[in-house]
Structures are given as structure tokens and as C-alpha cells.
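Biologist: I would like each label on this model justified. Please set the value against the cut-off every time.

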Amino acid sequence: MPRRESSSTRRAPTLVERRSFLRRAGVGVAVVAVGPVLVPVDRFLPAAGAQTGGDPALAAFAESVELVAVAAYEAGVELLSDDLVPVLQTFIGHHEEHAEIWAEVAGEAATGEPNAALLVALTPAIEAFDSQGDVLRFARDLENQLSVTCGYLLTVLQDADAVAAVATIHPVESSHAATLSYELAEGPAAWFPFGALESADVALGLDPAAFPVEPS
Amino acid sequence: MTEVARRDLLRVGGLTIAFGALVAACSSDDDPAPEIADDEETDTEGPTSGSSDLALLNTALSLEILVFDTYQAGFDFALAQTDPVLEAAALLQQHHAEHRATLTFLVQAADGEPFATANPVVKAGLVDPRLLAVTTERDFVSLVHELEQACAELYVHVTTSVRTPELRATLMSIGAVASRRATVLDLLGDLGNERLAVVPADNPLPSDAVVPD
């Protein structure tokens, strides 16, 4: 059964520590308040198709959003109970591997950096982490958006290596989301937020046009 | 459920239990998950192993039917017993009904004849022997977990093999949900399977489980 949020005495990060999140993540831009939870990207910008640049640019985008997950989870992991820390650390490792896979596909377009625009959009939620539940809900939502984003990328990527990358990564993002939902003690309906077929609607995911990659 | 009753079930299925068809798959629960992948290289430029898009779609269809039937056996013979597992299994079985409809549509759209039969090779080599060996609910959860994981891996394999982006996206929309199902079954059964960063693109089924054109 799901592991309930413990009342452990694990120390929560101070506000000052949390405010240093963007600096630690390597983003030196002003914080934009977008609300405490993830929202569809069409709340920020009109939905758009793939940015120009073809598969390398899309792969660089995918690399950059994987690195956002790494940065966000590293900011939240200290709020988790001992039994859930290894789960999130495993997910961090997965996203690091995914970023490496995407970087290989992206070639010279890879930046090795988290997506600055997405990180800015998510920073208020990350800085508001105050409990294990906050972190798990955030991660669940981000994993669901990553899964949808993979579905979207499958509709636009052309190169065989890029298709193979996204096909092998996509189910892992979905698996992460289901795990987090389970650990939140949500029921079967929440394990499958899109029903029997995963969504590929980029409006529910992370749109490359809304969160463009800045050349390194 | 008695062993005799379960053997009767398998006879009703019309298949002879063929131990050894999937040697690794017939190992005990204490052994690692069965590795039944072939060793053919994945070529993402086109269909692998000489299999056509249609053959791969029909193989997926046959696996969906088999998994649906396996959940049904779990209900019919009280292999699923507790409320959490019963509730989850009912939803998961419904998914397979929806996937069957989707795949049937895709096969027909490709001017093919849907292979509306539970995959006979996987049934005989893995499912039937394992159903006979189920003694606890956890055994049953472990079996359907393996099937769901095989589904997820098959969809990754097929997605890297078919030719059109639309078909790839549709197939992975099914495969990603299969991965969710495998995950929740692993958690429900406290199975403790290792979490991998990527799902292999190899065909998880023996080559003779691919439905011919």
C-alpha cells in the first residue's frame, strides 16, 4: 500500500535556501509568478507547433526539460520521508539518463542546461515546497506533462534515433507519474489521468514553442 | 480454485499446455523476470525481423486479448481477491478492451484482417503454466504485471518499427498506459521489480509469437 507522509523530523529548507533555487539551477533571471501548481502551457502562450530547427532542436528541448525535473526534484527531495527518498533519487537518475540520451540525439544543439523558461515558470511552486505532499503532487504533475510531451514529440520527430529515444523514454515518464500518484494514496482513476490512451496534446504537456531553448 | 478446475479452464481455451516453449518464462517466481526477447537488432527505419506493420499490429492485438482473458481468469477463479486488486484489475481489464478496439480499427484501416485471438504462443508458453501455478493473489498480480510489462515493451518495439508518425503516436499512447499498469501492479503486489531508465526497444516476445501476415 502507499507509503503515507511521515511526520519525520526531516528539516525543511528555509525560505532563503529555497530562494536560492534558481541560482543553484543556473538560471539568472527574474522570477515570474505563475501559480503554485503546474498549469497547461497554453496559459502562458498560445499553443504552437514544433519550433523550427527540426529534430536536433526538439531533442535539445527534451534534454532541457529533463534537466528541469532533475533540478526540481533535487530541491524537493529533502522533504521526503526516508522510504520515499530513494524513489525520487531513482527518478532523478532516470531524468539525467534521459537528458544524456536526448543530448546525443541533439548533437551540437544540446545545451546541458535546464530549460530556463520552464524553470522560471515553475520556481514559485518549487519555492513553495513545504511538505512531502507538495513535492509528490508537483512531481506527479510534471511527470504527467513529460509523458504528454513525449507523446507529442512522437508526432513531430522524424529521425529514427529520435523516435527510438522518445519511444523508450515515454513509458518511463508515465511510470513515474503512476508511482507518484500511488504514493499519494490516489485511486485507480488518478493513476490513469488520460484514461486508457495517453494524451499527446501538447497543450497538456510542455510546448517547445512556449519554452524555447536558449542557445548555450 | 483447484488445479483440476484450472486445467479444465485451459482445455476450454483449446490449447495444449506447452512447457518449454518459453523456457525462461516458465521459471519459478523467485527467478528473475522471464527474458523472452529475441536477439534481432532493432532497425528504426522500418519493420524489424521482416515483420510488416500489419503483423506487428495483429501481434499487439493478440496480446491485448490474452491479457484481457488473463484478468478474466483472475475474476472467474478468485485469483484476485482483495478489494484493491479487484478494483484495479477491473479497470485494467477495461483498458485492454479499449485497446483491442483501437487495434482492431488500425488493422482494418490497413486493409488487414484482425487476429481476434489470444496470442497462442504466449498463452501456451507463459500464461497457462503460470495460471496453473498461482497459489496466492500475489502470484496472480506478478503474472499480470509481467504481461503488462511485455505489453509496454512490445509497444516500444512496434513504435520503433512502424512507418508513420501518426501510428507511432497512437501505439505509444497505448504503450505508455501499459507502463502505468505495470507500475501500479508492481506496487500493489509489492513485487519490488527494478526500475529502469528506459524501456528496451527489443521485441519481448519469441519470434514465433509474431502473428504472420
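Modeller: Start with the term helix: helices (H or I, at least four residues) and strands (E, at least two) are DSSP runs, numbered from the N terminus. Ala150(B) lies in helix H5 (residues 137–159) of chain B. This is a predicted model, where local features need pLDDT of at least 70, side-chain atom pairs count only at pLDDT 80 or more, and totals for chains, interfaces and linings use all residues. Residues are numbered from 1 along each chain as its sequence is written, while chains are lettered from A and ligands numbered from 1 in the order in which they are written.

Biologist: What makes Ala150(B) buried?

Modeller: A residue is buried if 20 or more other C-beta atoms lie within 10 Å of its own, exposed if 12 or fewer, and partly exposed in between, with C-beta atoms placed from the backbone. Ala150(B) has 27 such atoms within 10 Å, so it is buried.

Biologist: Which residues does Ala150(B) touch, leaving out those up to four places away in sequence?

Modeller: Contact requires C-beta atoms, placed from the backbone, to lie within 7 Å. By that test Ala150(B) touches Leu63(B), Pro204(B) and Leu205(B). Leu205(B) is 55 residues apart from Ala150(B) along the chain, yet their C-alpha atoms are separated by 7.6 Å.

Biologist: Leu63(B) leads us to another helix pair. Why are H2(B) and H4(B) called roughly parallel?

Modeller: Axes are lines fitted to C-alpha atoms, for helices over the stretch in contact, and angles run from 0 to 180 degrees between N-to-C directions. Angles under 35 degrees count as roughly parallel, over 145 as roughly antiparallel, 65 to 115 as roughly perpendicular and the rest as oblique. Helix H2 (residues 53–76) and helix H4 (residues 120–133) of chain B pack at about 15°, with axes 12 Å apart. H2(B) and H4(B) are therefore roughly parallel. On the H2(B) side are Leu63(B), Leu66(B), Thr70(B) and Ala73(B); they meet Val122(B), Lys123(B), Val127(B) and Leu131(B) of H4(B).

Biologist: Now the pair across the two chains. How do you know that H7(A) and H5(B) are roughly antiparallel?

Modeller: Their axes cross at roughly 155° and come within 9 Å. Set against the cut-off of over 145, H7(A) and H5(B) are therefore roughly antiparallel. Ala167(A), Thr168(A) and Pro171(A) of H7(A) make the contact with Ala152(B), Val156(B) and Thr159(B) of H5(B).

Biologist: What classes do the residues in that contact of H7(A) with H5(B) fall into?

Modeller: Ala, Val, Leu, Ile, Met, Phe, Trp, Tyr, Cys and Pro count as nonpolar, Asp, Glu, Lys and Arg as charged, and the others, Gly among them, as polar. The contact of H7(A) with H5(B) has four nonpolar, two polar and no charged residues.

Biologist: How many residues does each chain give to the whole contact?

Modeller: Chain A gives 31 residues and chain B gives 31. On the chain A side, H7(A) gives the most, with 15 residues. That side divides into 16 nonpolar, twelve polar and three charged residues.

Biologist: What makes H6(A) largely enclosed?

Modeller: Of its 25 residues, 20 are buried, so H6(A) is largely enclosed by the rest of the structure.

Biologist: How do you know that the span of H6(A) agrees with its number of residues?

Modeller: The expected span of a helix is 1.5 Å times one less than its number of residues. The 25 residues of H6(A) should span 36 Å, and its end C-alpha atoms are 36 Å apart, which agrees.

Biologist: What is the secondary structure of chain A?

Modeller: Chain A has eight helices and zero strands. Buried residues make up 53% of its 216 residues.

Key. Two residues are in contact if their C-beta atoms, placed from the backbone, lie within 7 Å.
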